[in-house]
Amino acid sequence: MRVRFSLGFKNIRSEALPVLLPIPTDRPGQRVRGVSLSFRPEQTQGVGDDLFSSYTLGPKQEVSVRGEARLEPVGKQNLAHLAELLAEAPEDSARVVSEWAKIQLEREGYLVRQAVGVLLDGKLHYWLEVWHEEAWLPLDPWAFLTLRRDPGALIALGVTDPAIYLGGHEGRRLHLGQPHESWEALELETSMEEGTIDLLLSAVRILALGSVALNLLNTPVPPLAGLAAYGFYLLLLALRQGRTLFKVFQRRPTRALEPLFFHAFALSCLFRPEPILGLIFLALFAYHRWPRSA
């Protein structure tokens, strides 16, 4: 898939701050082009496989990095033997889980480094890279454990099999490199604009859900217009997530039924709301997110 990305780094301190900012580069799973910086860096330097631009940012000063990338899955599942080690990881953020896993792997004698990137929702995400068979392989402990606990948790990323994260990833993230300590004093604003189908999906989603909301607010939308918008939305959603949802259904049927009951309730609101559909959705939503005892 092709994406346009924008990374904004702002100094939130009241004094000047020297920083090393990441410049996305070609690496397994991504091809980058058209990278531009909002103003010229003091220096550009490579650190291993990473490329950084050096700046001294004044108070409240901001620099942005923009460009395009083609993202693809990385499918080498050569770290499956680490699944048992990761089973003891805490349920926490991706950053905390990755830091925990790094310590455990280093105790076992593995050469490990941290990695940071941006997911399609524009959020920073942390994972690891492990040196194995003469190559750095991605290892995402948080995503692996999240999918093991809930097969439907990453439907939006098109993934149901946690094993992909033991040496690979889903190909829907922009890898920036290793995190640098100078970022701690920065305010980060990131965004990823997806390809044509995804942009169309976002626009149609607004129309479809907007029609439902207007009906619930007693501002009726012509039923056929709302139905056409929502039907087109479901068609695009099926093209994007249908296969993933079917795999989730095979592993955990109730998790796959949750979004289906949501859409059924939303469609009913275009004509005559059926509260029972909404209640079933809410019950499934709460059930799947209720904390499980160890």
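**Exercise 1. In strand β6, which residue is the bridge partner of R2?**

Solution. The model is a predicted one, and the exercise starts with the pairing of two strands in it. Step one is to place the strands: β1 covers residues 2–11 and β6 covers residues 62–71, and the two pair in the antiparallel sense over nine bridges. Step two is to read off the partner, and in β6 the residue that bridges to R2 is R70. Step three sets this pair in its sheet, an open one of four strands with the order β3-β6-β1-β11 and antiparallel pairing. At the edges stand β3 (30–37) and β11 (186–193), each with a single partner strand, so one side of each is left without a neighbour in the sheet. From one strand to the next, the twist in this sheet averages 20°.

**Exercise 2. Determine which strands pair with β5, and how far β5 is covered**.

Solution. Begin with β2 (residues 17–22), which pairs with β5 in the antiparallel sense over six bridges; L21 stands opposite S53 of β5. Continue with β4 (residues 43–47), which runs antiparallel to β5 and is joined to it by five bridges, with Q45 having F52 in β5 as its bridge partner. The connection between β4 and β5 is a hairpin with two residues between the strands, and G48 in the turn has a positive phi of about 65°. Finally, consider burial, for which the cut-off is a relative accessible area under 20%: six of the eight residues of β5 (residues 50–57) are buried, and the strand is thus mostly covered.

**Exercise 3. Describe the second open sheet of four strands and the helix that lies across three of its strands**.

Solution. First establish the strand order, which is β9-β8-β7-β10 with antiparallel pairing. The edge strands are β9 (135–139) and β10, each of which pairs on one side only, and the twist averages 40° from one strand to the next. Then look at one pair within the sheet: β8 and β9 are antiparallel and share five bridges, and V130 has L137 in β9 as its bridge partner. The last step adds the helix, α2, which lies across β7 (112–119), β8 and β9 and runs at about 15° to β8.

**Exercise 4. Is G177 buried or exposed, and which residues does G177 touch?**

Solution. Locate the residue before judging its surroundings: G177 belongs to strand β10 (residues 173–177). Its relative accessible area is 1%, and G177 is therefore buried, given that the cut-off for burial is under 20%. Leaving aside residues up to four places away in sequence, G177 touches R27, D50, Q114, A115 and V116. One of these partners, R27, is 150 residues apart from G177 along the chain, and their C-alpha atoms are separated by 9.8 Å.

**Exercise 5. Identify the buried residues of α3 and the elements that help to cover them**.

Solution. Start with the helix itself, which runs over residues 141–149 and has P141, A143, F144, L145, T146 and L147 as its buried residues. Then list the surroundings: the cover over these buried residues includes α1 (83–86), α2, β8, β9 and α5.

**Exercise 6. Characterise the largest pocket by its volume and its lining**.

Solution. The volume comes first, and for the largest pocket it is about 1200 Å³. There are 46 lining residues, of which A153, I155, A156, L157 and Q241 are the closest to the centre of the pocket. The elements that contribute two or more residues to this lining are α2 (94–107), β8 (124–132), α4 (196–216), α5 (223–251), α6 (253–268) and α7 (275–289). The largest share comes from α5, with eight residues. Sorting the lining by class then gives 25 nonpolar, eight polar and 13 charged residues.

**Exercise 7. Summarise the protein chain as a whole**.

Solution. Count the elements to begin with: the protein chain has seven helices and 11 strands. For its dimensions, the C-alpha trace spans about 60 × 45 × 35 Å along its principal axes. For burial, 45% of the 294 residues count as buried. For contacts, take those in the protein chain with a separation of 6 or more, of which 70% are between residues 24 or more positions apart.

Key:
Residues are numbered from 1 along each chain as its sequence is written. This is a predicted model: local features need pLDDT of at least 70, side-chain atom pairs count only at pLDDT 80 or more; totals for chains, interfaces and linings use all residues. Side-chain values use heavy atoms; hydrogens and water are left out. Buried means under 20% relative accessible area, exposed over 50%, partly exposed in between (1.4 Å probe, protein chains only). Contact means heavy atoms within 4.5 Å. On a 1 Å grid over the protein atoms alone, a cavity is a set of points where a 1.4 Å probe fits but cannot get out, and a pocket is an open set with protein on both sides within 12 Å along at least five of seven lines; lining residues have an atom within 4 Å of a point. Grid points are joined across faces, edges and corners, and a volume is the space filled by probe spheres set on the points. Ala, Val, Leu, Ile, Met, Phe, Trp, Tyr, Cys and Pro count as nonpolar, Asp, Glu, Lys and Arg as charged, and the others, Gly among them, as polar. Two strands pair if DSSP finds at least two bridges between them. Axes are lines fitted to C-alpha atoms, for helices over the stretch in contact, and angles run from 0 to 180 degrees between N-to-C directions.
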